[in-house]
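Here's a quick briefing on how two chains meet and what space is left enclosed. Have the viewer open as you read.

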There are 2 protein chains.
Amino acid sequence: MSEGYLKGRIRRDDIVSAAAAVYGEAGYHASSLREIAKRAGITHAGLLYHFPTKEALLAAVLERRDAEDAVREQLNIPPGLDVLRHFLALAEHNVRHRGIVDLYSRLAAEAISEDHPAHAYFARHYREARDSIAQSFRALAETGELRPGVDPDLAALTFIALMDGLQVQWLTTPTQVDVIGSLRLSLETLLTVPLFPE
Amino acid sequence: MSEGYLKGRIRRDDIVSAAAAVYGEAGYHASSLREIAKRAGITHAGLLYHFPTKEALLAAVLERRDAEDAVREQLNIPPGLDVLRHFLALAEHNVRHRGIVDLYSRLAAEAISEDHPAHAYFARHYREARDSIAQSFRALAETGELRPGVDPDLAALTFIALMDGLQVQWLTTPTQVDVIGSLRLSLETLLTVPLFPE
C-alpha cells in the first residue's frame with residue numbers, strides 16, 4: 001500500500017465518522033455535506049473528491065455499520081438462547097454508546113419513504129434481523145423452551161420492534177426507560193426456561 | 001361567531017391538515033412553510049398571517065393530535081382489560097390510516113433532540129401513555145390476571161415501545177409486518193387470562 005493510498009483511506013474513514021455523527025444528531029435530510037466537511041476538518045472540495053453526492057456518503061455510513069455487524073456475527077453462535085443473550089448484550093452496548101442508537105433511529109424513521117436512499121437498506125436489515133431471531137425461536141420451540149403456541153416468526157418481529165421502539169423512547173427520556181428490563185421481561189414471558197439460569 | 005371568524009377557523013384547519021400531511025411525508029425539519037402553503041392552497045403570506053413561524057404551526061398540529069386523543073379518552077374506560085383492547089383497536093385504526101402513523105413516527109424520531117420544538121411534547125406523551133397503561137396492568141395484577149412477577153410499569157413501557165417500533169417497521173415494509181398479531185402475542189404472554197374470551 002502506498003503512503004498516498006493509506007492517507008486517502010484514513011481521510012475517507014474520518015469523513016464517514018463525521019457523517020455518522022452528524023446524521024445521528026440531525027438526521028440525513030437536515031444535514032449538509034458542507035457541515036460534515038467542517039466536522040471532519042476537510043474542505044468541501046476535499047470531501048466531494050471522496051464522496052461526490054450525499055447519497056454516496058450515506059451508503060458508506062451504512063456499509064460501515066454492516067461491516068461492524070459482520071464482525072460481531074463472525075462469533076457464529078448457533079441458534080438458541082445464546083443468540084437472544086447476545087442481542088441483549090448488544091442492547092446493553094448500545095445504551096452505553098448513544099451515537100449508534102441516534103444514527104440508527106433517525107435514519108430508520110426517515111427511510112420509511114420508498115424514495116429515501118436508505119429505504120432498501122432498512123427493508124433488508126429488518127428482514128435479516130427477523131430471520132436471524134426467528135431461527136433461534138424455532139430452535140427453542142423444538143426443545144420445548146419456547147412457550148407452546150407462540151409463533152417463532154411473530155416472536156422475532158416482536159423482539160426486533162420492541163428493541164427499536166425502546167431506543168427512540170430511551171433517547172428522548174433516558175432516565176425514564178429501562179431498555180434492558182423491558183427486553184428481558186419480553187423474552188422471559190416468551191420462554192419456558194429462565195434466560196439466565198441462577 | 002362572525003362569518004370572518006368562521007372563515008379564519010376553516011382556513012386555519014386547512015393549514016394544520018396540510019402541515020400534518022407534509023410532516024408525515026418528509027418530517028418537520030425537511031418541510032417548509034412555503035410547501036405547506038402550496039398544499040393548503042393559500043399564499044405564503046396568508047399562511048404567515050395564521051402561523052408566523054414553523055414552530056407555531058408544529059404546535060398547532062400536535063395540539064390537534066392531543067384534542068383527538070382527548071375525544072377518544074372521553075370514553076372513560078376503567079383501568080383493566082378493556083383499556084388494552086381499546087389500544088389494540090387504536091392500532092387497528094392506525095394501520096388503516098397510514099398518515100397518522102407516518103406523522104407520529106417521523107416527528108418522534110426527530111424529537112429525540114432536546115432542542116427540537118416537539119421534544120417536550122413527546123417526553124410528556126410517552127409518560128402519559130406509560131402511566132395510563134400501567135394503571136391497567138396494576139388493576140389486572142390485583143385480580144390475578146397479570147402474570148405473577150410481572151412489573152406493571154415495565155409491562156406498560158414494553159407495550160408502548162412495541163407499538164412504536166412496530167409502526168416504523170410496518171411503514172417501511174407493510175406486507176411483512178403483522179402489527180396486530182405482534183401486539184396480541186405480547187399482551188397474551190403477559191396475561192393469565194385470554195384477551196378475547198371465546
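What follows covers the interface first, then the cavities.

This is a predicted model, so to speak with its own filters: local features need pLDDT of at least 70, side-chain atom pairs count only at pLDDT 80 or more, and totals for chains, interfaces and linings use all residues. Residues are numbered from 1 along each chain as its sequence is written, chains are lettered from A in the order written, and side-chain values use heavy atoms, with hydrogens and water left out.

**Interface**
- Chain B puts 46 residues in contact (heavy atoms within 4.5 Å) with 46 residues of chain A.
- About 3,500 Å² is buried between them (accessible area, 1.4 Å probe, lost on being put together, summed over both), and carbon and sulfur atoms give 64% of that.
- B:Ile112, B:Gln169 and B:Thr172 supply 19% of the area chain B buries against chain A, more than any other three residues.
- The rule finds 0 salt bridges across this interface (a Lys or Arg side-chain nitrogen within 4 Å of an Asp or Glu carboxyl oxygen).
- On the chain B side, H8(B) gives the most, with 14 residues (helices are DSSP runs of H or I, at least four residues, numbered from the N terminus).

**Cavities**
- There are 3 cavities of 30 Å³ or more (sets of points on a 1 Å grid over the protein atoms alone where a 1.4 Å probe fits but cannot get out; volume is the space filled by probe spheres set on the points).
- The largest holds about 180 Å³.
- Among the residues closest to its centre are A:Asp164 and B:Asp164.
- The second largest has about 130 Å³ of space.

Notes
Buried area = accessible area lost by both parts, 1.4 Å probe. Helix = DSSP H or I, 4+ residues; strand = E, 2+ residues; numbered from the N terminus. 1 Å grid on protein atoms, 1.4 Å probe; cavity = no way out; pocket = protein on both sides within 12 Å on 5 of 7 lines; lining within 4 Å.
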